[in-house]
Amino acid sequence: MKGIHMRPIGRIVAVAAAGSMAFGLAACSTSTDSAASDTAAADKSGASETVTESTEVPKGDGSKTIYLVSKGFQHRFWQAVKEGAEQAGTEFNYKIQFVGPDDETKVTQQLDQLQAALDTKPAAIGLAALDSGAAGPLLTQIESAGIPLVAFDSGVDSDLPLTTVSTDNYAAAEEAAKHMIELLDGQKGTVGLVCHDATSTTGKQRCEGFKNYFEKNAPSGLKLLDEQIAGEVGKAADTSKAIIQANSDIVGMYGSNEAAASGAIQGATESGKKLVVVGFDSGKTQINAIKDGSQAGAVTQAPKLMGYKTVTAAIQAINGIALPKTIDSGFYWYDKSNIDSDEIKPNLYE
């Protein structure tokens, strides 16, 4: 089950987006929350639950610019988003400006960059908001200027973006559960669940997707333990060790983001317990663990495709093509067999 996954379990594995794109595209430890607008808001913005993603992406004349303001710039995840965006710009003859703050705590810096984007009067703007509430006044100005706005990576708490390009975290967590079940084939025992938070949309989706799929599809000999919340590596390690100590029959552990998965690996190692560990996202600890066999594999996002689809959605908006409320940017399962492949490697970060 390798490649980009675009729909729930059992769905087709996609390898391309619109046009002639065909590239291998995955990981960010930041949250990826879905847009919170309701149906009425979607109607106002021009997006609709009933609109399907169009494959029509008209080519430009080379004179128009699409300005993307991301959550960061130097991090490998955002560089992969930038690469995908620039590929789409080259393919469809649009200029791409891609900026981001020094790190994901610099809200004021991002707002300054968003203002600078607005001041250039681009054909469209893409935004991965650090603080959608703080960006509210600028979003209103963007709407007043008649500039199409596309959200990416995380939703904006506003009805102004025409669509949100992001990972389907629920489906990605289902994929993780699917592989956990396959990896535990023939074994009996319990499986631990370390979720990185219980409040964000991302945290809930990555936990519930795994739980629901596992409970519906695992054989009777495998039992899922109640989830434990730990969003920092040290806490996740201590939590994992406590789970292992309390359950002598434990055979597997799932961590719902880089920190939770890294903590699960550390906890298993320090406990001396051989477990099937399945994670989410990337990071040095997971990469090394997958390569040395102490972690079975992980599901991770596809940032290059996210950048590509953000630009194609912006082009569609510029040309008046209706957009769905959300656009799935896909995800991957990766393990020791494909971690160094051209498809996976460009999207992993340490």
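This passage looks at a pair of packed helices, some aromatic rings and one buried alanine in a predicted model.

Let's start with the helices. Two packed helices are described by the angle between their axes and the distance between the axes. For helix H5 (residues 169-183) and helix H6 (residues 201-217), the axes come within 7 Å and cross at roughly 40°. Angles under 35 degrees count as roughly parallel, and those of 65 to 115 as roughly perpendicular, so with its crossing angle H5 ends up oblique to H6. As for handedness, the H5 and H6 crossing is right-handed. On the H5 side, the residues making the contact are Asn169, Tyr170, Ala173, Glu174, Ala176, Ala177, Lys178, Met180 and Ile181. H6 brings in Thr202, Gln205, Arg206, Glu208, Gly209, Phe210, Asn212, Tyr213, Phe214 and Asn217. Sorted by character, the residues of this contact come out as 9 nonpolar, 6 polar and 4 charged.

Next come the rings. Across the whole structure, a search turns up 6 aromatic pairs. One of them joins phenylalanine 92 and tyrosine 308 edge-to-face, with 6.4 Å from centre to centre and 65° between the planes. This pair ties together distant parts of the chain, since phenylalanine 92 sits in helix H2 (residues 76-92) and tyrosine 308 in helix H10 (residues 303-318), 216 residues apart. Both phenylalanine 92 and tyrosine 308 are buried.

Phenylalanine 210 and phenylalanine 214 pair up too, but here the rings are stacked, at 5.9 Å centre to centre and 15° between the planes. These two are 4 residues apart in helix H6, which means about one helical turn separates them. Buried means under 20% relative accessible area, so phenylalanine 210 counts as buried at 0% relative accessibility, and phenylalanine 214 counts as buried at 2%. Both phenylalanines also appear among the H6 residues that touch H5. Elsewhere, Phe77, Trp78 and Phe152 form one aromatic cluster.

Finally, there is alanine 313, which takes its place in helix H10. Its relative accessibility is 0%, so alanine 313 counts as buried. Which residues does alanine 313 touch, not counting residues up to four places away in sequence? The list is Val150, Thr163, Val165, Leu323 and Ile327. Take threonine 163: in sequence, alanine 313 and threonine 163 are 150 residues apart, while in space they are 7.9 Å apart, C-alpha to C-alpha.

Definitions and conventions
Residues numbered from 1 in each chain as written. Predicted model: local features only at pLDDT ≥ 70, side-chain atom pairs only at ≥ 80, totals over all residues. Heavy atoms only, no water. Axes fitted to C-alpha atoms, helices over the stretch in contact; angles between N-to-C directions. Parallel < 35°, antiparallel > 145°, perpendicular 65-115°, else oblique. Left-handed = near helix turned anticlockwise from the far one by under 90°. Contact = heavy atoms within 4.5 Å. Nonpolar A, V, L, I, M, F, W, Y, C, P; charged D, E, K, R; others polar. Phe/Tyr/Trp six-rings, centres within 6.5 Å; stacked < 30°, edge-to-face > 60°. Buried < 20%, exposed > 50% of the residue type's maximum accessible area, 1.4 Å probe, protein only.
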